[in-house]
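Trainee: I am new to this structure and would like a close look at one part of it. Could you take me through it slowly?

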Amino acid sequence: MNGVPLAAYIGLGLFMFTTGVVGVIVRKSPIVIFMCIELMLNSVNLTFLAFARYQMVPVASPERLQHSMMAGQMIVIFVMAVAAAEVAVGLGIIMAIFRLRDNVDIDEMNLLRG
Amino acid sequence: MNQTVGGVAVTPELLMFGAIAGAAAICAVGVVAFNNAVRSALCLVVNFFLLAVLYFTLNAEMLGITQVVVYTGAIMVLFLFVVMLLNLGGSKLVHEKSDWKKFVGILLGCGLFVILGAQILPQLVHVQPMQLDQDLAKFGGPEAIGRTLFTEYAYPFEAVSVLLLIGIVGSILLAKRRI
Amino acid sequence: MADFVQHLHPAWQALIRVVLFVLPSFMLVPIVIWWERRLLGWMQDRIGPNRVGNITFSRTSRFVPSLLKGKKFKLFGLLQPMADFGKLIFKEDITPTAVDRLIYFIAPGLALFPAFALGATIPWGPYPWLTPVADVNIGVLYIMAVSSFGVYGIVLAGYASDNKFSLMGGLRSSAQLISYELAMGMSLACIVMATGSLKPSAMVAAQSGPLWGLDYAPFNLIQNWNILTPYGLVAAIIFAICMIAETNRPPFDLPEAENELVAGYHTEYSSVKFATFFMAEYLSIIVYGIIMSTIFMGGWHLLPIRFDVMAANYNSFGDVWNLLDTLNGSSLLAPIWVIAKACAVASSYIWIRATLPRLRYDQLMSLGWKSLLPFATANLIVVAIWIVATKVANPVIGWFAVVVSAAILYALYKTINRLNLRNRPNLASRTVTMVDEPPQRREVELVDPAPAPT
């Protein structure tokens with residue numbers, strides 16, 4: 001929007017990212033950890049789109065400008081696709097583990113610990 | 001309404017952004033704070049929806065609507081399915097007793113925010129968006145995204161579709177009881 | 001009126017457009033409820049509700065003027081939906097104690113919101129300042145997004161009720177909804193590719209061209225409605241089936257059918273909240289009808305005939321072609337045609353409800369994933385081949401390529417299906433084979449009764 005500084009969007013993205021990091025560290029339930037990972041991915045999306053819109057560095061030609069604006073959008077598309085695939089597989093893993101152990105605490109899943 | 005706060009003019013757009021972003025931030029905290037997994041998921045749904053609104057304000061309308069379709073409409077439904085099927089909703093199942101590690105985690109998170117923010121944010125306070133003419137304003141629309149996706153980024157597009165196929169096959173194999 | 005609207009602040013303009021969309025949709029809900037009950041009754045060889053609101057004036061009372069003594073005024077049961085809503089509002093609102101209160105209270109609202117929001121990008125007529133509510137570049141994708149959002153009301157209603165059957169009904173219903181959204185999106189993608197734009201207003205404009213793109217007589221007298229093209233017909237049928245599944249209507253109403261799961265996800269909801277779910281279902285029927293008629297059946301034009309071309313080519317007596325052209329698509333009657341088409345689609349919903357039995361859940365899922373999605377994808381490939389062939393050569397070669405590619409894809413589908421079911425019993429259709437011979441027919445002997453003793 002006109003009139004909103006870039007720091008506002010980046011600040012929101014940063015806040016969401018750190019909230020996601022805190023959530024991954026603090027929470028015990030794997031589903032909520034997964035949701036915090038999605039939160040981090042979305043904050044990254046917001047940051048990319050903000051930088052694509054607010055072109056901070058002047059570019060040489062209109063083609064480069066178009067390319068630079070579209071690059072932000074493209075990477076967001078790919079991040080969304082990868083996040084969708086990751087959620088599908090990850091939730092499948094979680095369901096397989098829960099079917100086996102019926103346990104919801106991620107601290108208990110330490111079979112690979114040396 | 002020509003006041004300035006810290007050097008930034010307060011405009012109606014800034015207030016509206018503040019409202020949406022504030023609600024999104026509160027929902028993000030709610031994801032982490034609720035003990036009940038269903039309420040965390042619902043907070044995340046509201047967060048994604050508000051993020052889609054923010055994408056619309058950034059001229060990225062195709063990505064905003066894709067955010068609603070993919071994230072809010074599919075991924076979060078999947079999360080809610082798993083939470084409800086595994087009955088993780090009640091807070092009586094996981095008694096997360098409050099210990100000192102949680103406070104240390106929150107403190108370290110605030111520290112991360114302060115460290116990163118102090119380096120990045122002050123330089124960006126005075127960056128205003130680029131002026132767009134009619135043609136450039138459609139850079140987030142479906143034609144521009146379709147054209148770029150299928151010409152310049154055709155190879156990553158095909159690679160991502162193979163990745164999604166792998167994801168589909170993998171999740172079906174994980175979920176079957178007998179192959 | 002357009003000039004007046006143009007000078008207002010954009011927020012007021014948007015509010016006027018929203019009110020112009022929401023009020024007629026809201027008013028149509030009781031009419032569709034009444035029409036469903038009467039039409040369903042007629043198809044089931046009975047009379048629907050016809051008692052509510054009948055006024056019979058007294059024959060002997062002094063307070064009745066003599067003109068009206070003894071007269072009966074029949075209202076054909078038109079007040080029945082009002083009576084239904086009145087009853088539902090005055091019912092006792094029971095909230096079970098163990099429900100998740102917040103989610104229990106927001107679920108009906110969450111179910112009603114997408115039903116209204118679906119029609120925001122659909123134009124009701126050729127008035128650019130008054131409809132659609134938002135003419136965004138992503139029009140059709142907005143419909144997909146809002147219908148994805150409609151899953152939440154159901155799944156949260158089923159979860160919050162603290163009732164295992166409601167939960168199962170809610171989960172089943174949302175699995176059904178997200179399965180049929182895919183085929184719906186694919187069939188919409190066919191039309192988007194053929195039209196070249198995602199906006200419904202551009203689709204309506206593209207549908208007023210000559211039929212099949214052939215600009216000579218007699219094809220240029222008929223409008224190019226998408227349902228009149230082969231790929232559009234297939235896409236329309238797939239879209240119609242997915243539409244019925246999206247609104248949880250019979251034959252896809254397993255999650256809310258009465259003899260299956262009591263009432264499915266809205267078992268524990270009484271009075272006003274149930275009325276909200278009810279209203280949401282009928283409202284989504286109406287709005288999906290409007291969407292289907294806009295995308296497939298030409299929008300606000302009544303007949304698929306191009307009267308302006310007729311006016312140019314054929315001489316007329318008294319300028320009748322231009323009059324018919326104005327009546328057809330460019331006047332104040334346009335919203336009425338849209339509503340009429342939506343009611344026609346709603347009537348087909350009711351007809352299908354009266355005719356087809358309910359689908360079992362595995363039949364439902366296999367229909368969505370194994371039949372509709374491959375057909376919609378094959379249709380998409382056919383449309384792509386048509387567009388390429390029309391661009392490379394002329395339209396006639398394009399249609400020929402359509403027929404050839406459709407035949408190839410159909411053969412491919414059948415061989416894959418046949419290969420798949422090689423060694424497995426086909427459980428979708430359970431037929432019974434008789435292993436014994438049918439029972440022998442006994443000959444009936446006619447025996448005279450014993451003679452009466454004389």
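Among contacts in chain A between residues at least 6 apart in sequence, what percentage join residues at least 24 apart?

Mentor: Happy to help, and please keep in mind that this is a predicted model. For chain A, the figure you ask about is 66%: that share of the contacts between residues at least 6 apart in sequence links residues at least 24 apart.

Let us see what kind of chain makes those contacts. Chain A contains 3 helices and 0 strands, and reading along the sequence gives the pattern α-α-α. Its overall form can be put in numbers too. The radius of gyration of chain A is 19 Å, whereas a compact globule of 114 residues would have one near 13 Å. The C-alpha trace spans about 60 × 30 × 25 Å along the principal axes of chain A.

Next, consider what is covered and what is not. Of the 114 residues in chain A, 56% are buried. The chain exposes about 4,600 Å², and 66% of that area is supplied by carbon and sulfur atoms. As for charge, chain A has 7 positive and 7 negative charges, and the mean positions of these two groups are 3 Å apart.

Now for the neighbours. There are 2 pairs of chains that touch, and the pair with the most contacts is A and B. Chains A and C, on the other hand, do not touch, and 15 Å separates their nearest C-alpha atoms.

Chain B offers a helpful residue to look at, B:Gly73, which sits in helix α3, residues 61-85 of that chain. B:Gly73 counts as buried because its relative accessible area is 4%, which is under the 20% cut-off. Leaving aside residues up to four places away in sequence, B:Gly73 touches B:Val68 in its own chain, along with C:Ser148 and C:Ile178. You can also look from B:Gly73 to B:Phe49, 24 residues away along the chain; their C-alpha atoms are separated by 9.8 Å.

Chain C makes a useful companion to chain A. Its secondary structure comes to 16 helices and 2 strands, and its C-alpha atoms fill a box of roughly 95 × 80 × 65 Å along the principal axes. Of the 454 residues in chain C, 45% count as buried. The percentage you asked about for chain A has a counterpart here: in chain C, 74% of the contacts between residues at least 6 apart in sequence join residues at least 24 apart. Chain C exposes about 24,500 Å², with carbon and sulfur atoms supplying 67%. It carries 33 positive and 27 negative side chains, and the centres of the two sets lie 4 Å apart.

Two residues of chain C round off the tour. C:Arg306 lies in the loop between α11 (271-295) and α12 (307-313). C:Arg306 is classed as buried because its relative accessible area is 13%. Its side chain reaches the backbone oxygen of C:Ser208 at 3.2 Å, and the residues that C:Arg306 touches include C:Gly209, C:Pro210 and C:Asn220. C:Met82, in helix α3 (residues 80-90) of chain C, is partly exposed, with a relative accessible area of 49%. Between the C-alpha atoms of C:Met82 and C:Asn313 there are 51 Å, and the two residues are 231 residues apart along the chain.

Terms used:
Residues numbered from 1 in each chain as written. Chains lettered and ligands numbered in written order. Predicted model: local features only at pLDDT ≥ 70, side-chain atom pairs only at ≥ 80, totals over all residues. Heavy atoms only, no water. Helix = DSSP H or I, 4+ residues; strand = E, 2+ residues; numbered from the N terminus. Rg over C-alpha atoms; globule rule 2.2 N^0.38 Å. Buried < 20%, exposed > 50% of the residue type's maximum accessible area, 1.4 Å probe, protein only. Contact = heavy atoms within 4.5 Å. Areas by Shrake-Rupley, 256 points an atom, 1.4 Å probe, with all protein chains shown as cover. Lys, Arg positive; Asp, Glu negative; His and termini not counted. Charge placed at Lys NZ, Arg CZ, Asp CG, Glu CD. Polar contact = N/O pair within 3.5 Å; in protein donor to acceptor, adjacent residues only side chain to side chain.
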